[in-house]
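I opened the notebook to log what I looked up in this structure. Entries follow in the order I took them.

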Amino acid sequence: MVGLIETEGGRKGRSRSRLGLLRLLGPGLFTGAADDDPSGIATYSQAGAQFGYGMAWVMLFSYPLMAVTQSISARIGCVTGRGIAQNLRRHHSRWLLRAVVLALLVANIANLGADLGAMAAAAQLLIPGPALLYGIGFAALCVVLEVFLSYARYAAVLKWLTLSLLAYAAVVFVVHVPWGEALLRTFVPHLAFDADHAEALVALLGTTISPYLFFWQASQEVEERLRRSSQPLYVTPAQAGPELARVRVDTWVGMGYSNLISLFIIFATAATLHASGLTDIQSSAQAAEALRPIAGDLAFAVFACGIIGTGLLAVPVLAGSAAYAVCETFDWVEGLDHKPKEAKAFYGVIVLATVLGLGVGFTGIDPIKALYWSAVLNGLLAAPLMATMLLIATSRNIMGALTLPRSIAAAGWLATLVMAAASIAFLVL
């Protein structure tokens, strides 16, 4: 009986522990999951189809760089109580702020178009019908959820949508993966110094570390503090320990989840498409369709459903990060916790960005070219924005006593240098 009681007590303790971890997860989990959007899926699919398991190591290499960068943006939000654009407006020149926000808007709208187009194409594969109608339906659904749900309910919807990424884990276990080779290539990099591998490396890093994620996570940390009626941490530094620990757990778990799913996508396409000699994938929907004759209807359907699920998560994040950036630039009322009539400009930007993205995807503009130029802008924007974030996060005038520890600052500068090198490589390829 005592053993039974101890067993039941242990189970209850583990259950409480799991619930406690789930409560810690929020902005970091949403941000990481949104990084695996349909356009990102296309990039990871192409890497797996073209190089097999040869580029899998990039996901392991990029994980700490991504997690450190996102933890810095989150720290800025919860310590200052302001988003990235608002900190730029207060502490840097206006021309820099406007150039950054304009580049972010163009990149986000191009990315929105690619994602909505991919979602419509995936739906068309599952249920034949007009792609434009599917695209309009997905765009409308994303706008309605983001505009008319309360922040608490919307955050719950986002948390559930992160489960859609598990579709790619399911695909990996449906197809045959030679795990010895896959894990060896993941943990032991095979470096090849040619244009194709360099371009793939830049594409993978640019897809993984994207500026819109910096804006989104910082602003979501601000939202969380406002929702709990908590002051910024620079005002109450005594409360910083538990809050910054929560940010670390949330961010590292969220980015780990994101990169693990990216790794699964590379594994799945390497084991099927590359192994069958199909090495050129231009979109996530094409990757799903190509899986059907090789891996069967189940793998095809799961992959296609995953594209739609991740798109429903990523489209609101792309539109929302654009809205935060614009409204913080002009000091307009912003935030998902406000009702539409209280933040008309904020929700107006969300609607406009989504509609413009839909137009990019369905007005004859080549979505691959749109995605290419989006990647160029993101690559050019990422390194200088990361450097600016580090200057903010290490400034005592802005962060008070809660400036970045030296170890995190050093890791942040390393990530910035890697992205700067990737941007230069992107331009010279």
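**Entry 1: H3**

How far apart should the ends of helix H3 (residues 38-51) be, and what is the distance between its end C-alpha atoms? I took the 14 residues at 1.5 Å a residue, which should span 20 Å. The end C-alpha atoms are 20 Å apart, so the two agree. I note here that the model is predicted.

Next I asked how many residues of H3 are buried. The count is 13 of the 14, so H3 is largely enclosed by the rest of the structure. I then looked just past the end of H3. Gly52 sits there with a positive phi of about 65°.

**Entry 2: H3 against H15**

I followed H3 to one of its contacts. At what angle do the axes of H3 and H15 cross? They cross at roughly 135° and come within 8 Å. That makes H3 oblique to H15, because only angles over 145 degrees count as roughly antiparallel and only 65 to 115 as roughly perpendicular.

I listed the residues that meet. H3 brings Pro38, Ile41 and Ser45. H15 brings Phe303, Ile307, Thr310 and Gly311. By class, I have four nonpolar, three polar and no charged residues in this contact.

**Entry 3: H12 against H15**

I turned to helix H12 (residues 211-227), whose axis comes within 9 Å of that of H15. The crossing angle is roughly 75°. H12 and H15 are therefore roughly perpendicular to each other.

Which residues of H12 meet H15? I found Tyr212, Phe215, Trp216, Ser219, Gln220 and Glu223. On the H15 side I wrote down Pro316, Val317, Leu318, Gly320, Ser321, Tyr324, Ala325 and Glu328. The classes here are eight nonpolar, four polar and two charged residues.

**Entry 4: the core**

I checked the largest nonpolar core, which has 134 residues. Which residues have the most contacts inside it? They are Phe303, Leu336 and Phe346. H15 supplies the largest share of this core, 18 residues. Phe303 has already come up, as one of the H15 residues that meet H3.

I looked up the surroundings of Leu336, leaving out residues up to four places away in sequence. Leu336 touches Trp216, Gln220 and Glu223, among others; these three also belong to the H12 side of the contact with H15. Its other partners include Tyr324, Phe346, Tyr347 and Ile350. Glu146, Tyr151 and Tyr154 are also among the residues that Leu336 touches.

**Entry 5: the end of H15 and the loop after**

I moved to Thr329, which is in helix H15 (residues 297-329). Is Thr329 buried or exposed? Its relative accessibility is 8%, so Thr329 counts as buried. Beyond residues up to four places away in sequence, Thr329 touches Ala85, Arg89, Leu97 and Val101.

Then I went into the loop between H15 and helix H16 (344-362), where Asp331 is found. Asp331 has a positive phi of about 60°, although it is not a glycine. At 52% relative accessibility, Asp331 counts as exposed, because the cut-off is over 50%.

**Entry 6: H14**

I ran the length check on helix H14 (residues 284-295). Its 12 residues reach 16 Å from first C-alpha to last, close to the 16 Å expected.

I listed the buried residues of H14: Ser284, Ala285, Ala287, Ala288, Ala290 and Leu291. What do they pack against? I found H3, helix H6 (94-126), H13 and H15. H14 is followed by Gly296, with a positive phi near 100°.

**Entry 7: two long-range pairs**

I picked Val247 in helix H13 (residues 240-274). Its relative accessible area is 3%, so Val247 is buried. Val247 and Pro27 are 220 residues apart in sequence, yet 8.6 Å apart in space, C-alpha to C-alpha. Neighbours within four places aside, Val247 is in contact with Ser71, Ala74, Cys78 and Glu221.

Last, I took Leu201 in helix H11 (residues 195-208). Leu201 is partly exposed, at 26% relative accessible area. How many residues lie between Leu201 and Val58 along the chain, counted as their separation? They are 143 residues apart, and their C-alpha atoms are separated by 7.2 Å. With neighbours within four places left aside, Leu201 is in contact with Met55, Trp57 and Val58.

Definitions and conventions. Residues are numbered from 1 along each chain as its sequence is written. This is a predicted model: local features need pLDDT of at least 70, side-chain atom pairs count only at pLDDT 80 or more; totals for chains, interfaces and linings use all residues. Side-chain values use heavy atoms; hydrogens and water are left out. Helices (H or I, at least four residues) and strands (E, at least two) are DSSP runs, numbered from the N terminus. The expected span of a helix is 1.5 Å times one less than its number of residues. Buried means under 20% relative accessible area, exposed over 50%, partly exposed in between (1.4 Å probe, protein chains only). Contact means heavy atoms within 4.5 Å. A nonpolar core is a set of buried Ala, Val, Leu, Ile, Met, Phe, Trp, Tyr and Cys residues joined through side-chain atoms within 4.5 Å. Axes are lines fitted to C-alpha atoms, for helices over the stretch in contact, and angles run from 0 to 180 degrees between N-to-C directions. Angles under 35 degrees count as roughly parallel, over 145 as roughly antiparallel, 65 to 115 as roughly perpendicular and the rest as oblique. Ala, Val, Leu, Ile, Met, Phe, Trp, Tyr, Cys and Pro count as nonpolar, Asp, Glu, Lys and Arg as charged, and the others, Gly among them, as polar.
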